[in-house]
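Welcome! Grab a pencil and work through a few short exercises on the protein shown here, each with its solution laid out step by step.

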Amino acid sequence: MSASSTTPTGSPAGSTPGGPAAPVNKRSRVVFASLIGTSIEFYDFYVYATAAVLVFPALFFPNADATTSLLSSFASFGAAFIGRPLGSILFGHFGDRIGRKTTLIAALLTMGIATFLIGCLPGASTPGWAVLAPALLTLFRFGQGIGLGGEWSGAALLATENAPEGKRAIYGTFPQLGAPIGFIIANGLFLILNLTMTPETFADWGWRVPFLASALLVIVGLYVRFRLVEAPAFTKVVEQNAVARVPLGRVFRFNWWQLILGTFIMLATYVLFYLMTTFTLTYGTTPSTVEAGKAAADAAGKPFNADAFLAGLGYTRTDFLIMLIVGVVFFGIFTLVAGPLAERFGRRNMLSVVTAGIFVFGFLFVPLADAGFVGVMLWLIIGFSLMGLTFGPMGATLPELFPTNVRYTGSGVSYNVSSIIGAAVAPIIALALWGLAGGSIILVGIYLSVAAVLTFAALRLSKETKHADFSTIVE
């Protein structure tokens, strides 16, 4: 039995015979602590993603046309993905050297403070803030990325290193479940604000509420995490004097191949997710005719360029947010379904089948999006269901690629480097392909299919990790 296992009574496997049992995290506390942390982190992240589409173009980039403002807003959105690998290196270093618990607390604080400060920023139209407001917005967004870069791998290790034998993939789905939960809370709050405020009030101050409210969620998350004890797998590293002096250097020297595989194993997951959230929100709420586009630009007091106009689906912001939330419910359901499937069939085989499904789904973008309300809902439901199936097993798959003494760094770097090539540029590439195809999203779907091919290749080049010895300290 691995060093991270527990006995049915909850005592740590490998306790010293005849000696006092070492402190151990209750399984319910492990599940809740890994879930609450990533829910908060992803809530913060999605609050920004939604605002980047709905509010920030006009608020922080008011002097450009609609397309340029949106691109500028997405560029600030992408700043977090530059911060995420840096966060994985920073927090991974301390997570592998001083432990998972303290590092997770620091990551949560970093994300929470950055999000709160975004909610305090004045708009670029405020005298004296024309340059400073968008600059600070980008800086705080970068801070969000630093925090999330350290959060995910720590939460995944919290769940998997405390999991019972043979249930790592199941336990690993709980931090993954934070993604749909955070999305639903964030967008549900935006939806409530949209329904209870006039557009003017929402643009004036209502958009700040989700950012400022994150402080309350962070307090809950900190309370839960302060009650944790260190994972037994890391405790064993310390006891055997096997703590890596420079985890990043060690993982690049001895586990570089796993880093490459892990990065591309995550690629299709990231592309799919940010197409189904950020891009679909843009495409779904963009006016469907030139006339409607001009009317919307006139109402917002922005210039309109008919030659640069790209037609969308024409749904109202409220209606499409509701549709997205329905789709994300399927994301959550299939995230939980994915764990038992990955335990039964193995990570590699299960993810290979799902990735093949993502490849096919890319060619269904246009037929489904052009099929009216029912087709668009099927588009969202199928996309988010595939997202749950591919995202759920990652909480176990990436950590299983690395030995214990560099697991925080290795899994975090793979996960977050993939965020740059798979997520940071995805909304921008999608907008460019949308324009290149003259308003059709056919190339956007093909872009997803190409990402799926790369992920499928990485999966087939990797080894099955279902039976990997999680007690392996070094390689």
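The exercises below go from domains to salt bridges, then to the surface and some single residues.

Before you start, note that this is a predicted model, in which local features need pLDDT of at least 70, side-chain atom pairs count only at pLDDT 80 or more, and totals for chains, interfaces and linings use all residues. Residues are numbered from 1 along each chain as its sequence is written, and side-chain values use heavy atoms, with hydrogens and water left out.

**Exercise 1. Find the domains and describe how they meet.**

Step 1. Begin with the bounds, which come from an automatic or database domain assignment. Domain 1 covers 24-243 and domain 2 covers 250-470.

Step 2. Take the centres over C-alpha atoms: those of domain 1 and domain 2 are 19 Å apart.

Step 3. Look at contacts, meaning heavy atoms within 4.5 Å. Here 67 residues of domain 1 touch 58 residues of domain 2.

Step 4. Turn to buried area, the accessible area (1.4 Å probe) that two parts lose on being put together, summed over both. The two domains bury about 5,000 Å² between them, and 71% of this is on carbon and sulfur atoms. On the domain 1 side, W152, R168 and F183 lose the most area to domain 2, together 13% of what that side buries.

Step 5. Finish with charges: two salt bridges are counted between domain 1 and domain 2.

**Exercise 2. Trace the salt bridges and decide whether their partners are buried or exposed.**

Step 1. Fix the terms. A salt bridge is a side-chain nitrogen of Lys or Arg within 4 Å of a carboxyl oxygen of Asp or Glu. Buried means under 20% relative accessible area, exposed over 50%, and partly exposed in between (1.4 Å probe, protein chains only). Helices (H or I, at least four residues) and strands (E, at least two) are DSSP runs, numbered from the N terminus.

Step 2. How many salt bridges does the structure hold? There are seven.

Step 3. Follow R100, whose side chain meets that of E161 at 2.8 Å, N to O. R100 sits in helix α4 (residues 100-118) and E161 in the loop between α5 (132-160) and α6 (168-196), so this pair ties together parts 61 residues apart in sequence. R100 is buried at 2% relative accessible area, and E161 is buried at 0%.

Step 4. Add R407, which also forms a salt bridge with E161, with the closest N and O atoms 3.0 Å apart. A network of salt bridges links D96, R100, E161 and R407.

Step 5. Move on to E151 and R225, a salt bridge with its closest N and O atoms 2.6 Å apart. Since E151 lies in helix α5 and R225 in helix α8 (residues 208-226), the pair ties together parts that are 74 residues apart in sequence. E151 is buried, with 0% relative accessibility, and R225 is buried at 0% as well.

Step 6. Check one more pair: R347 and E343 form a salt bridge at 3.2 Å between the closest N and O atoms. Both R347 and E343 are buried.

**Exercise 3. Which residues make the nonpolar surface patch, and which helix gives the largest share?**

Step 1. Learn the rule. Patches are made of residues with over 30% relative accessible area and no salt bridge; like charges are joined within 9 Å, and nonpolar side chains (Val, Leu, Ile, Met, Phe, Trp, Tyr) within 5 Å. Accessible areas come from the Shrake-Rupley method with a 1.4 Å probe, and for residues only the protein chains shown count as cover.

Step 2. List the members: F359, V360, F363, L364, I442, I446, V450, V453 and L454 form a patch of about 740 Å².

Step 3. Assign them to elements. Helices α15 (347-362) and α21 (442-461) are the ones giving two or more residues to the patch. The largest share, five residues, is from α21.

Step 4. Try one member: L454 is in helix α21 and is partly exposed at 41% relative accessibility.

**Exercise 4. Place two loop residues, N241 and W129.**

Step 1. N241 is in the loop between α9 (232-239) and α10 (247-254). N241 is exposed, at 71% relative accessible area. Its phi is near 55°, a positive value in a residue other than glycine.

Step 2. W129 is in the loop between α4 and α5, and is partly exposed at 26%. Leaving out residues up to four places away in sequence, W129 touches L121, P122, G123, A124, P134 and L136.

Step 3. Compare positions: the C-alpha atoms of W129 and N241 lie 52 Å apart, with their places 112 residues apart along the chain.
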